[in-house]
Amino acid sequence: MDTLFTKERLFFIVLFIGLLLNNSTKAQFVLNSDSAFKANSPNSGRLWGYSFADFYYKGHADTLNRGGGNQYTGVPKGRNAFQIRRLYLGYNYNISKKFSAEVLLEASNGGTSGDALTNNKLAFYIKLANLRIKDIWKGTDLVLGQVVPPDFVMSSEPIWGYRSIEKTILDKLGVPSFDLGATLQGKFDPKKGDFGYDVMVGNGTGAKPEGDKYKWFYGDVFVGLLNHRL
């Protein structure tokens, strides 16, 4: 990464700083209440994060360097190291009953350079930064900004508490797991939430700025069974 901030990213950073500075004293008190945030109380938010770290030893190396961008591809045989595999720092904010926002910074290491600057130091980049407008019609939210697109399952980790070891087919093909654009996220039965859909138009470039005039279109429909365990 040659730079941490583009004009698009600076816009979202200024937006979130402005929201924080505009809080009243009462709002700042509510800001520290996680229970208030989960109840979608206006002027409430939460700061969160998590990280994974490794000690690795490479016992065998493929001389043809196959494997693409998978974890530790290209690391020579015999190398060992301590490293931060992934580090998240996120902030979610309920502006009002109608609007909410989120920003997520990530730094990850793929075994070699990872998310590194030109001086090879691990660096944060903006993974998510968006504004959610709730119920633009009943059961459907409009999300503007950098989000998880419909090609990635957004429910498995919150429900099951883990991520599958194997990549999905789309992930293997290099489809981005986050993208900048406009998204509709809705449920056909808002009270139960058993049936829903997601549609999105985005740049298709992940965290990188747009480089051409073409756009990506995403979409899915879903059914929640067995109390949303399936």
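These legends go with several close-up views of one predicted protein model.

**View 1. The whole chain, a mix of helices and strands.**
Let's start with the overall picture of this predicted model. The protein chain holds five helices and eight strands. If you walk along the sequence, you meet these elements in the pattern α-α-α-β-β-β-β-β-α-α-β-β-β. The chain has 230 residues, and 34% of them count as buried. About 14,600 Å² of the protein chain is exposed, with carbon and sulfur atoms supplying 61% of that area. Take the contacts between residues at least 6 apart in sequence: 56% of them join residues at least 24 apart.

**View 2. An open sheet of eight strands.**
Here is some background for this view. Strands of a sheet pair through backbone hydrogen bonds, and the pairing can be parallel or antiparallel. Which of the two do we find here, parallel or antiparallel? The pairing in this sheet is antiparallel, and the strand order is E1-E2-E3-E4-E5-E6-E7-E8. Which strands sit at the edges? They are strand E1 (44-57) and strand E8 (216-223), each of which pairs on one side only. On average, neighbouring strands of the sheet are turned by 15 degrees against each other, with direction ignored.

**View 3. Strands E1 and E2, side by side.**
Now we move in on the start of the sheet. E1 and E2 run antiparallel and are joined by 14 bridges. To find one of these places, look for Phe 52, whose bridge partner in E2 is Arg 86. Keep both residues in mind, since they come back in later views.

**View 4. The hairpin of E2 and E3.**
How many residues lie between E2 and E3 in this hairpin? There are four. Strand E2 covers residues 80-94 and strand E3 covers residues 99-108, and the two pair in the antiparallel sense over nine bridges. You can trace the pairing residue by residue: Tyr 93 has Ala 101 in E3 as its bridge partner, and Asn 94 stands opposite Ser 100 in E3.

**View 5. A salt bridge between Arg 85 and Asp 54.**
Side chains of opposite charge can pair when their charged atoms come close. A search of the whole structure finds five such salt bridges. In the one shown here, the closest N and O atoms of Arg 85 and Asp 54 are 2.8 Å apart. Arg 85 belongs to strand E2 and Asp 54 to strand E1, so this pair ties together parts that are 31 residues apart in sequence. Are the two partners buried or partly exposed? Arg 85 is partly exposed, at 32% relative accessibility, whereas Asp 54 has a relative accessible area of 15% and is buried. The cut-off explains the label: buried means under 20% relative accessible area, so Asp 54 with its 15% qualifies.

**View 6. Glu 106, Arg 86 and Lys 127 in one network.**
Glu 106 and Arg 86 form a salt bridge whose closest N and O atoms are 2.9 Å apart. This pair links distant parts of the chain, with Glu 106 in strand E3 and Arg 86 in strand E2, 20 residues apart. Glu 106 is buried, at 1% relative accessibility, while Arg 86 is partly exposed, with a relative accessible area of 21%. Salt bridges that share partners join Arg 86, Glu 106 and Lys 127 into one network.

**View 7. A salt bridge between Lys 215 and Glu 210.**
In this view, the side chains of Lys 215 and Glu 210 meet at 3.0 Å, N to O. Lys 215 counts as partly exposed at 39% relative accessibility. Glu 210 is also partly exposed, and its relative accessible area is 25%.

**View 8. Aromatic rings in pairs and in a cluster.**
A pair of aromatic rings is described by the distance of the centres and the angle of the planes. The structure has nine aromatic pairs. In one of them, the ring centres of Trp 216 and Tyr 218 are 6.1 Å apart and the planes stand at 35 degrees, so the pair is tilted. Trp 216 is partly exposed, with a relative accessible area of 35%, but Tyr 218 is buried, at 9% relative accessibility. Elsewhere, ring pairs link Trp 48, Tyr 50, Phe 52 and Tyr 88 into a cluster. Phe 52 is the residue you met as the bridge partner of Arg 86.

Terms used. Residues numbered from 1 in each chain as written. Predicted model: local features only at pLDDT ≥ 70, side-chain atom pairs only at ≥ 80, totals over all residues. Heavy atoms only, no water. Pairing = 2+ DSSP bridges. Axes fitted to C-alpha atoms, helices over the stretch in contact; angles between N-to-C directions. Buried < 20%, exposed > 50% of the residue type's maximum accessible area, 1.4 Å probe, protein only. Contact = heavy atoms within 4.5 Å. Areas by Shrake-Rupley, 256 points an atom, 1.4 Å probe, with all protein chains shown as cover. Phe/Tyr/Trp six-rings, centres within 6.5 Å; stacked < 30°, edge-to-face > 60°. Salt bridge = Lys/Arg side-chain N within 4 Å of Asp/Glu carboxyl O.
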